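Student: I have a protein model open and I'd like to learn how to read it. Could we go through it together?

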Amino acid sequence: MLSIEHLSCHYGVIQALNDVTINIEKKGIYAIIGANGAGKSSLINVLSGLVPASSGKVVFEGKEITDLQPHEIIKTGISVCPEGRKIFKSVSVYENLLAGAYTLKDKGEIQKNVEMVYEFFPRLSERRKQLAGTLSGGEQQMLAIGRALMSNPRLLLLDEPSMGLAPNLIDFVFDTVVKIYEETELPSIIVEQNSEMALSIADYAYVLEVGHLTMEGTGEELLASDEVQKKYLGA
Ligand code: ATP
């Protein structure tokens with residue numbers, strides 16, 4: 001489904017990703033964990049076309065997407081819920097969802113997707129007319145995920161969905177990511193500093209350290225690993 005081959009990326013002289021190879025063949029929930037500055041967001045940004053790769057390639061469903069622009073990537077079926085949510089604060093919840101569906105033309109399909117998002121996040125339904133900038137942090141995160149679901153993606157990228165959220169909301173957001181997968185079979189890749197949470201829901205996970213991929217395994221295996229425990233779970 002997604003093949004990342006020997007991918008590197010640089011910001012000037014800073015190398016953020018160094019020869020990263022990840023091959024995802026099956027649907028599932030995938031996690032990428034790592035410390036601050038490990039390159040997690042850079043990986044999401046290369047996959048979504050926001051940052052160019054300096055070498056290597058990315059192939060999604062058999063099509064090379066390495067040098068595509070963000071608006072072209074979304075049309076290939078990859079949707080992103082970005083770090084920091086980046087919702088449109090001065091328009092309503094509903095209009096934010098419509099913005100996520102800008103690649104779709106069929107109004108009936110768009111409304112069906114809006115209803116699906118409202119089912120996953122009833123709070124958004126209650127606040128559909130409210131300006132998005134007045135939502136709480138947790139609600140804004142729900143909106144960012146909902147907006148990413150609007151384009152009928154076949155792969156969802158989530159960058160730090162737990163950032164800045166209270167523990168009960170983190171649980172809700174992660175439970176909903178699992179629910180979305182169970183109900184829609186939409187595969188996702190979650191980049192997270194909250195390693196414990198991400199590994200607890202991941203079918204398979206990868207560890208990034210200063211741009212290098214250093215470990216991989218099932219979520220369960222990595223949760224049980226002494227090295228992961230010591231470095232990322234505060235043991
Ligand atoms: P965090 O969890 O803090 O977001 P991360 O694992 O997502 O960290 P990246 O944000 O991908 O890591 O950063 C990887 C490296 O690239 C770091 O050394 C960072 O300082 C550098 N970097 C990231 N964005 C830029 C940029 N726009 N310009 C220059 N350097 C950058």
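Tutor: We'll go through the sheets, then a few single residues, then the ligand. Keep in mind that this is a predicted model.

Student: Okay, sheets. How do strands end up side by side?

Tutor: Strands of a sheet pair through backbone hydrogen bonds, and the pairing is either parallel or antiparallel. Here, one open sheet has 4 strands in the order S2-S1-S4-S5, with antiparallel pairing.

Student: Which strands stand at the edges of that sheet?

Tutor: Those are S2 and strand S5 (63-64). Each has a single partner strand, so one side of each is left without a neighbour in the sheet.

Student: How many bridges does S1 make with S2?

Tutor: Strand S1 (residues 2-11) pairs with S2 over 7 bridges, in the antiparallel sense. To spot one of the pairs, find serine 3: its bridge partner in S2 is asparagine 23.

Student: What links S1 and S2?

Tutor: They form a hairpin, with 2 residues between them. Look at glycine 12 in the turn, which has a positive phi of about 60°.

Student: And what about S1 and S4?

Tutor: S1 is joined to strand S4 (residues 55-60) by 5 bridges, again running antiparallel. Leucine 2 has phenylalanine 60 as its bridge partner in S4, while serine 8 is matched with serine 55. See how the residue numbers go up on S1 as they go down on S4? That's how an antiparallel pair reads.

Student: I see another sheet too. In what order do its strands come?

Tutor: That open sheet has 6 strands, ordered S6-S7-S8-S3-S9-S10, and its pairing is mixed. Strand S6 (78-81) and strand S10 (212-217) are at the edges with a single partner strand each, so one side of each lacks a neighbour in the sheet. From one strand to the next, the twist averages 20°.

Student: Where can I find a parallel pair in it?

Tutor: Try strand S7 (residues 155-159) and strand S8 (residues 188-192), which run parallel and are joined by 4 bridges. Leucine 156 is the one to click on S7's side of the pair; opposite it in S8 stands serine 188.

Student: Now single residues. Is lysine 40 buried or exposed?

Tutor: The idea is to look at relative accessible area: under 20% counts as buried and over 50% as exposed. Lysine 40 comes out at 5%, so it counts as buried. You'll find lysine 40 in helix H1. Its C-alpha atom is 9.4 Å from that of isoleucine 190, although the two are 150 residues apart along the chain.

Student: What about leucine 47?

Tutor: Leucine 47 is also found in helix H1, and at 2% relative accessibility it counts as buried. Its C-alpha atom and that of alanine 35 are separated by 20 Å, with their positions 12 residues apart along the chain.

Student: You mentioned phi for a glycine. Which other residues should I check for a positive phi?

Tutor: Two to look at are lysine 86, with phi near 50°, and glutamate 160, with phi of about 50°. Neither one is a glycine. Lysine 86 is in the loop between S6 and helix H3 (93-100), and glutamate 160 is in the loop between S7 and helix H7 (167-184).

Student: Are those two buried or exposed?

Tutor: Lysine 86 is exposed, with a relative accessible area of 56%. Glutamate 160 is buried, at 6%.

Student: Last thing, the ligand. Which residues come nearest to it?

Tutor: Of the 14 residues around the ligand, the nearest are Asn36, Gly37, Ser41, Ser42 and Gln193. The shell divides into 5 nonpolar, 6 polar and 3 charged residues. H1 gives the largest share, 3 residues.

Student: Where are the polar contacts with the ligand's oxygen atoms?

Tutor: Start with serine 41, where a polar backbone atom is 2.7 Å from an oxygen atom of the ligand. An N or O atom in the side chain of glutamine 193 is 2.8 Å from a ligand oxygen. Then there's glutamate 160 again: a polar side-chain atom of that residue lies 3.2 Å from an oxygen atom of the ligand.

Student: How much of the ligand does the protein bury?

Tutor: Taken alone, the ligand exposes 630 Å², and the protein buries 62% of that.

Note on methods. Residues are numbered from 1 along each chain as its sequence is written. This is a predicted model: local features need pLDDT of at least 70, side-chain atom pairs count only at pLDDT 80 or more; totals for chains, interfaces and linings use all residues. Side-chain values use heavy atoms; hydrogens and water are left out. A residue is near a molecule or strand if one of its heavy atoms lies within 4 Å of it. A polar contact is a pair of N or O atoms within 3.5 Å; within protein, one must be able to donate a hydrogen and the other to accept it, and residues adjacent in sequence count only if both atoms are side-chain atoms. Accessible areas come from the Shrake-Rupley method with a 1.4 Å probe; for residues, only the protein chains shown count as cover. Ala, Val, Leu, Ile, Met, Phe, Trp, Tyr, Cys and Pro count as nonpolar, Asp, Glu, Lys and Arg as charged, and the others, Gly among them, as polar. Two strands pair if DSSP finds at least two bridges between them. Axes are lines fitted to C-alpha atoms, for helices over the stretch in contact, and angles run from 0 to 180 degrees between N-to-C directions. Buried means under 20% relative accessible area, exposed over 50%, partly exposed in between (1.4 Å probe, protein chains only).
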